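Biologist: Could you take me through one part of this protein slowly, as you would for someone in the first year of study? I would like a close look at how one helix sits against its neighbours, with the surroundings added afterwards.

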Amino acid sequence: MSISRVAVVGAGILGVAAAREVTMKFPDAEVAVFDKAETVAAHQSGHTSGIVDSGLDQKPGSAEAKLTKRGLQLLIPYMAETGVPYRECAQLLIAQNTDEAERLEEIFARAKDNEVPGARLLERHEIGAVEPAVRGVLGLFSPHAAIADFAALTAALASDVRAAGGTFRFGTEVTGFDTMSNEVRLRGRPVPADDATASSDDRDEQVRDRPRTYRGEEGHDPVIGIGDELRDRFGQQDWFKQAESTIGEWTQKLSDSWSRRDDRRSWDARPDSGQNDAPHRDSSGRDTAPEEVLGTFDIVIVCAGLQADRLATAAGLDAEPRIVPFTSDYYRIPATDTEVVRGIIGSVPDPQAPFTETSIVRGLDDGLILGPNTFVALGRESYDRRGFDLADISSTARNKGFWKFAAQTAKTAARGVRPLVSRTAFVDGIRRFVPEVDPNTVTSGPRGVRAQAMTADGELIDELAVTRRGRLTMVRSVPKSAATSALAIAETIVDRAFENTTR
């Protein structure tokens, strides 16, 4: 059977890059991209600091290192050809003490093995020559590091897909898959525009009386007090004051529901009843349209990011690895005549605290971007600073792997238990290596939610993991360098999806 119809689920940078790769390798195929949002790069791809990963800290010879190298080889010429905003600006990792200096030397050894061009260590007196405002005991300098507009890159890739005859079906939520011997039937439902782009006020209405405290393993005291977390974040809001009296009631209800497993079905373990005409509700409890058949395809590729585990479960695949969402807050300093930072300044990665890395970046508009301030997300798709999704919080709280991860990484766990590190504390951390940053000029910037794949043992998966069943291919996790490596990852995904098929 020849390949004539291909569907890609997810219009982030990887999904769109995969769709483009299909049009290039199989120009006669009809390609359709589905996404419940109303535009490409609506989630992770459109909420980053724009750093192009140069592969400094990747394990030499690893699949991630190879994908990054290949990704850069494809990415830079493509952005130059299409006019995607891109600027080479150099990167400097700064050690503040002897422990960090030792880790920095290990990273330098990896950088040499990965053949990162021009990478070198800078002693204290050499740091000022490349970044006069930076202070530290040792620096690792990568002169060809860069920043890019990944949302614009995704839009450019989408233009290529459309030019090749591909189509985009936005506002369409994919909810299920019927995998047959030589084709896949896609099921889903339309998402009303007002739901896909719900305002913060709408989200507040949905959760107004539902604060709860979630528990970890049965028989233990609460590990993360969601009620306390919500109180810290929203305690001054009138709606929260009105709802606060129900915290104890909902805590008991949740405990009872866990003991009897509740008959309310969630995405985390939702069997397919086959009754597609029955009433449906989304994770916020709102009625939605019933499922309908979206089409039958020869090949389906799923690049769903934050919803990867849920769609895998819907397809009857293994629920592991689970996705744990982490919110990444960024802050801004407007462009001024004072050149506080010339390029990218970053802290030294700590393997024991994987979400504590921070950086200060001179953006494409010459303003400064500080971040990320990372903490456990209160919703997989909650970008405003007042929104949260109780179904998503519950999903994280029921994940045994998350609790094991939290126990293994005390610094990250502490940050996750607190609602967030305050802006003042975060900026103070940045000022350890860039003292000239003026806290009074810092304003709120973009917010992203990172889809972190995690095993049941609490181990983070920072590599490309793909599951295939017949003509259905699911991307379960991607490396941190996924945006940089997008074109290379697309090659790998498409090759895997079409492996052993008749072309």
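Modeller: What follows begins with the chain as a whole, turns to the helix α1 and its partners, and ends with some single residues elsewhere.

Please keep in mind that this is a predicted model, and that every value below is computed from it. The protein chain has 16 helices and 23 strands, and buried residues make up 53% of its 503 residues. If we take the contacts between residues with a separation of 6 or more along the chain, 77% of them join residues 24 or more positions apart. The chain exposes about 21,900 Å², and carbon and sulfur atoms supply 46% of that area.

Now to the helix itself. Helix α1 covers residues 13-25, and one of its partners is helix α16, which covers residues 486-497; the axes of these two helices come within 8 Å and cross at roughly 60°. An angle of 65 to 115 degrees would count as roughly perpendicular and one under 35 degrees as roughly parallel, so α1 is described as oblique to α16. The crossing of α1 and α16 is right-handed. On the α1 side the contact is made by I13, L14, A17, A18, R20, E21, V22 and K25, and on the α16 side by A486, L487, I489, A490, E491, V494 and D495. Sorted by type, the residues of this contact comprise 10 nonpolar and 5 charged ones, with no polar residue among them.

A second partner of α1 is helix α5, made of residues 150-163, and here the two axes lie 9 Å apart and the helices pack at an angle of about 25°. That angle makes α1 roughly parallel to α5. The crossing of α1 and α5 is left-handed, whereas that of α1 and α16 is right-handed. In the contact with α5, helix α1 uses I13, V16, A17, A19 and R20, which meet F150, L153, T154, L157, A158, D160 and V161. The residues of this contact divide into 9 nonpolar, 1 polar and 2 charged. If you compare the two lists, you will find I13, A17 and R20 of α1 in the contact with α16 and again in the contact with α5.

Helix α5 in turn packs against helix α2, which spans residues 63-82, at an angle of about 75° and with the axes 11 Å apart. These two helices are therefore roughly perpendicular to each other. From α2, the residues L75, Y78, M79 and T82 meet L153, A156, L157 and D160 of α5. In this contact there are 6 nonpolar residues, 1 polar residue and 1 charged residue. L153, L157 and D160 thus appear on the α5 side of the contact with α2, and these residues are also listed where α5 meets α1.

With that neighbourhood in place, a few other sites can be added. Helix α12, residues 390-397, is mostly covered, since 7 of its 8 residues are buried; these are L390, D392, I393, S394, S395, T396 and A397. In helix α3, residues 98-113, we find R103, whose C-alpha atom is separated by 9.5 Å from that of P351, although the two residues are 248 residues apart along the chain. Leaving aside residues up to four places away in sequence, R103 touches V348, P349, D350 and P351.

Some details of the backbone also deserve attention. A cis peptide bond with omega of about 0° joins E320 and P321, and P321 has its place in the loop between α11 and β16. Another cis peptide bond, with omega of about -5°, joins G371 and P372, and P372 is found in strand β19, residues 368-376.

Two residues other than glycine have a positive phi: A90, where phi is near 75°, and D366, where phi is near 70°. A90 is found in the loop between β4 and β5, while D366 lies in the loop between β18 and β19. Since buried means under 20% relative accessible area, A90 counts as buried at 14%, whereas D366, with a relative accessible area of 36%, is partly exposed.

Technical notes: Residues are numbered from 1 along each chain as its sequence is written. This is a predicted model: local features need pLDDT of at least 70, side-chain atom pairs count only at pLDDT 80 or more; totals for chains, interfaces and linings use all residues. Side-chain values use heavy atoms; hydrogens and water are left out. Helices (H or I, at least four residues) and strands (E, at least two) are DSSP runs, numbered from the N terminus. Buried means under 20% relative accessible area, exposed over 50%, partly exposed in between (1.4 Å probe, protein chains only). Contact means heavy atoms within 4.5 Å. Accessible areas come from the Shrake-Rupley method with a 1.4 Å probe; for residues, only the protein chains shown count as cover. Axes are lines fitted to C-alpha atoms, for helices over the stretch in contact, and angles run from 0 to 180 degrees between N-to-C directions. Angles under 35 degrees count as roughly parallel, over 145 as roughly antiparallel, 65 to 115 as roughly perpendicular and the rest as oblique. A crossing is left-handed if the near helix is turned anticlockwise from the far one by less than a right angle, and right-handed if clockwise. Ala, Val, Leu, Ile, Met, Phe, Trp, Tyr, Cys and Pro count as nonpolar, Asp, Glu, Lys and Arg as charged, and the others, Gly among them, as polar.
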